[in-house]
Amino acid sequence: MSQIAAIYNLELVRTAAERLKNRTAGLPGIAALYGPAGYGKTTAALAIANENRAYFVQMRSAWGRKALLEKVLIEMGAQPHGTIPQLLDQVCEQLATSNRMLMIDEFDYCVRGDSLVELVRDIYEGSQSTLLLLGEEMLPQKLKRWERFHGRVLSWIPAQPVSLADVRVLAPIYCPGVRIADDLLDHLVKLASGSVRRVSVNLASIFETASLEGWDSVDLATWGERPLYTGDAPRRSV
Amino acid sequence: MPRKPVTEYAGGKGPRQLVWEAIRARGDGEWTRYQIARAANVADNTVTTYCQALEKAGIVAIVLRTKISNVATETGYRLQRDEGLEAPRLKRDGSRVTQGLGQEQMWRALRMLPGDLNARELAAHASTAAVPVALAAAEHYLGWLYAAGYLIRTRAGKGLGKRGQGATARYRLDPVRNTGPRPPMICRAKVVYDPNEDAVVWAPLVTDEDAIHA
């Protein structure tokens, strides 16, 4: 059986999703997962989306209200047609009847003005469904401007930086069959400055080198001075 | 009569989807299987078996039995729990069908994750506790999707014959071919069918050669 990428952030989101689903009537039904880029927010959301067959849309800077509703409807397998209020009704009806969760990634694009925030609140009020919003680090502060929206968030989940335990889970997926010593794993965590993505990229590159060199196990000394991805812009050498 | 392949359905909708839409169209009203079969233009037996499953799942309920002759009763049904646009996929005993969920999860992973991935990573990200995705399933699905033009291969696989050597191929979804939420299907007839576009997007090339040497 294949490994599941069960990083800690996934557990956080799963707990929140359970809380949302089993909430007692009257409690708000929105959760927000926020944190810097690369912290594994989308990866965690994917796992939860797969478990619940959730509808997932990634917000774009160019989208207005109609575009957002249309994209959600396409995700639902419906044919969007009609005015914005009609589309909203269709979205709400499908969310309420199917009882599936709606996830909106890059929610920061929605908090630039009133119209999209209020639209998402309409979706929530109209369907009383569960919503998961994904956004950058400052999302909770930005959302404070809309008190009525802020009050409907049941849980704020700060995405956690990648830990040694996470790296141990990720290693067999990105670097199968190669035993990586703890000192190198530690080094990877330090280099990543919290980003799950950087750890994954580095594990894959360790795997590639190990295949070429024929290593069964690798530690920091074996790895030596070979480059690892840090995400920093290159420094000028001349 | 054997079941038609999915590529034969008009509008990409199977009989159960048509039945479900006919049931939903009646709202809270009462209906019989006969009325639904005529409205959806499907065989009576299709409605009967689906209604049995729906009733066991608690989605429809029997509200009335009218004796219409010495041997026959007519059953009136009502929709109990609307589940939305998609027809509930049910087995005969009313439990949920899980077949096909693995590919749905892989397709979702390909659409959601930025960057490229190989089969092992896809299997890991698409697996859930309820429906695990095997490595072989991920390899198979990626191979077919690539053949059908859905994926961009960012790196070719190389030298996988020996253990611990070589590299697996890496793919990412071609943004132009992100056709919709429903996963492309690899059909038994060795064609790739896209339910979002209701079209066969890939079929094997058959030439005169095959006719001679098959």
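Here is a short chat about two loop residues and one helix pair in a predicted model.

Student: How are residues and chains labelled here, and what is left out?
Tutor: Residues count from 1 along each chain as written, chains are lettered from A, and side-chain values use heavy atoms, without hydrogens and water. As this is a predicted model, local features need pLDDT of at least 70, and side-chain atom pairs count only at pLDDT 80 or more.

Student: Where does Glu106(A) lie, and what is its phi?
Tutor: Look in the loop between strand E3 (102-105) and helix H5 (114-127) of chain A; helices (at least four residues) and strands (at least two) are DSSP runs numbered from the N terminus. Glu106(A) is not a glycine, yet its phi is positive, at about 55 degrees.

Student: Is Ser193(A) buried or exposed?
Tutor: Ser193(A) sits in the loop between helix H9 (182-192) and helix H10 (196-213) of chain A. Buried means under 20% relative accessible area, exposed over 50%, and partly exposed in between, with a 1.4 Å probe and protein chains only. At 48%, Ser193(A) is therefore partly exposed.

Student: At what angle do H3(A) and H4(A) pack, and how far apart are their axes?
Tutor: Two packed helices are described by the angle between their axes and the distance between them. Axes are lines fitted to C-alpha atoms over the stretch in contact, with angles from 0 to 180 degrees between N-to-C directions. For helix H3 (residues 65-75) and helix H4 (residues 84-98) of chain A, that gives about 35 degrees and 10 Å.
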